[in-house]
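Here are a few exercises to work through with the structure open beside you. Try each one before you read its solution.

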Amino acid sequence: MSAPASDLSMDGERDALRARLIARIRADGPMSVGAYMAEALHDPRAGFYATRDPLTAGADFVTAPMVSQMFGELLGLWAVQAWLDLDGPQPLHLVELGPGTGAMMADVLRAARVHPPILSASLVTLVETSPALEAVQAKTLSRAPIAIRTARALDAVGPGASLILANEFLDCLPIRQIVRAQGVWRERVVALDPSEPERLAFALSPGPAPTILTDALPAHLADAHDGALVEIRLAQEPVLDALAARFADHPGHALFIDYGPADTVLGDTLQALAANDKVDPLANPGGADLTARVDFGALARMARAKGLDVHGPVEQGGWLKGLGLEARAAALMQSQPEAKQKLAAQVYRLTDPSQMGALFKVLCVSSPGAPTPPGFPAQEATS
Ligand code: SAH
């Protein structure tokens with residue numbers, strides 16, 4: 001059977017993207033890993049997110065909202081409690097960064113119906129860069145109880161109190177990589193393979209890494225051993241700047257849920273997934289999801305340096321249980337006895353340390369002095 005025409009034309013677009021990347025490297029020299037990620041994910045004609053829905057039928061990867069409706073429902077209850085704790089500000093900007101299919105926001109809004117005043121107070125905005133996913137979100141949320149707006153970036157969301165949700169959003173923001181070589185930090189870049197000049201290959205840039213990268217190193221890694229690799233996600237800074245600007249004038253919380261360690265560790269974690277398989281990140285730009293683990297230590301340090309409060313990171317499993325995941329599962333099992341096994345498997349997937357329970361962390365960035373957000377220990381509030 002031959003591939004459908006749309007698949008064939010996408011193959012052509014991805015070939016053209018690869019040719020553009022090769023031409024750019026030939027003309028300007030190697031590109032940073034971050035610049036490569038940005039092109040491969042967001043190129044308007046061939047970018048992985050720009051051109052497809054990687055989360056539904058024939059998915060390339062699976063995220064918590066796609067594992068279970070209970071995930072978004074608990075975030076909805078979290079939002080209700082957090083809003084009440086902020087004394088119910090009106091309007092409330094309820095924002096999601098990188099909403100994928102829109103399934104999580106649908107679950108959030110359904111659960112928020114337990115307290116209708118939050119729905120009357122809320123202005124919902126989905127912050128999304130991908131036109132393909134924006135169309136999927138509009139369809140998923142066509143019957144949402146309130147109007148949904150869209151924006152390309154957080155700073156386009158109007159002023160006011162806010163609750164901001166972001167699941168698996170930070171992991172796809174571009175990273176850069178630096179490697180310690182003979183006592184000097186150098187940048188790992190995407191170049192052309194010297195023996196096969198039509199092939200992309202990783203290389204080390206000859207000079208020292210730019211100070212914008214080495215300045216971001218935590219003190220304990222400044223003199224790491226030769227061969228050490230550190231990933232730096234400069235791209236999260238504009239997100240935190242937008243939060244700092246919002247939270248300077250209006251209260252709020254931004255909840256980041258993602259995979260990664262609680263503090264900076266060494267190692268290359270750039271990974272490419274296509275059809276749920278790990279593939280070579282340079283083999284097929286546009287054809288695979290590119291992500292790297294989130295460094296929650298670096299995220300927390302950057303947020304605090306901007307004067308924001310930080311709660312966590314805590315592990316996803318314990319956090320979801322603390323919010324009542326098991327009680328929600330028990331209620332659903334009672335109303336749908338035939339789904340008992342399926343629901344138990346979802347709880348296991350979301351919470352067991354061998355699954356998503358420990359690798360995934362939850363970190364809340366809050367306006368200075370805001371009440372402790374639900375699910376986090378009170379004594380952990382630090383700024
Ligand atoms: N949160 C969803 C989807 C995760 S995939 C879920 O958990 O299922 C990452 C999402 O972030 C996609 O919707 C992608 O298009 C979006 N995205 C990636 N980079 C972005 C950026 N810079 N700004 C806004 N959205 C972005």
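Keep in mind that this is a predicted model.

**Exercise 1. Find helix 6 and work out which strands it lies across.**

Start by locating helix 6 at residues 103-112. Then check its contacts: the helix lies across strand 2 (92-97), strand 3, strand 4 and strand 5 (161-167). For the direction, compare helix 6 with strand 2, and you get an angle of about 150 degrees.

**Exercise 2. Trace the strand order of the open seven-stranded sheet, and explain what is special about strands 4 and 14.**

Walking across the sheet gives the order 4-3-2-5-10-15-14, with mixed pairing. Strand 4 (148-151) and strand 14 (309-315) stand at the edges with a single partner strand each, so one side of each has no neighbour in the sheet. From one strand to the next, the twist averages 20 degrees.

Now zoom in on one edge. Strand 3 (residues 122-127) and strand 4 run parallel and are joined by four bridges. For a concrete pair, take Val124, whose bridge partner in strand 4 is Ile148.

**Exercise 3. Describe the surroundings of Asp258, and say what the nearest side chain of opposite charge is.**

First, place the residue: Asp258 sits in strand 10 (residues 252-259). Next, look for a charge partner. Asp258 is buried but has no salt bridge, and the nearest side chain of opposite charge is Arg233, 7.1 Å away. A salt bridge would need the charged atoms within 4 Å.

Then look for polar atoms: the backbone nitrogen of Asp171 is 3.2 Å from a polar atom of the Asp258 side chain. Finally, list the contacts beyond four places in sequence, which include Glu168, Phe169, Leu170 and Asp171, along with Val294, Phe296 and Lys361.

**Exercise 4. Compare Glu168 and Ala275: where does each lie, and is each buried or exposed?**

Most residues other than glycine have a negative phi, and most peptide bonds are trans. Glu168 has a positive phi of about 50 degrees, and Ala275 has a positive phi of about 50 degrees too.

Glu168 lies in the loop between strand 5 and strand 6 (176-181), and its 14% relative accessibility makes it buried. Ala275 lies in the loop between strand 11 (271-274) and strand 12 (277-279), and at 51% it counts as exposed.

**Exercise 5. Locate the cis peptide bonds that lead into Pro91 and Pro313.**

The Gln90-Pro91 bond has an omega of about -10 degrees, and Pro91 is in the loop between helix 5 (69-85) and strand 2. The Gly312-Pro313 bond has an omega of about 10 degrees, and Pro313 is in strand 14.

Terms used:
Residues are numbered from 1 along each chain as its sequence is written. This is a predicted model: local features need pLDDT of at least 70, side-chain atom pairs count only at pLDDT 80 or more; totals for chains, interfaces and linings use all residues. Side-chain values use heavy atoms; hydrogens and water are left out. Two strands pair if DSSP finds at least two bridges between them. Helices (H or I, at least four residues) and strands (E, at least two) are DSSP runs, numbered from the N terminus. Axes are lines fitted to C-alpha atoms, for helices over the stretch in contact, and angles run from 0 to 180 degrees between N-to-C directions. Contact means heavy atoms within 4.5 Å. Buried means under 20% relative accessible area, exposed over 50%, partly exposed in between (1.4 Å probe, protein chains only). Lys and Arg count as positive and Asp and Glu as negative; His and the chain ends are not counted. A polar contact is a pair of N or O atoms within 3.5 Å; within protein, one must be able to donate a hydrogen and the other to accept it, and residues adjacent in sequence count only if both atoms are side-chain atoms.
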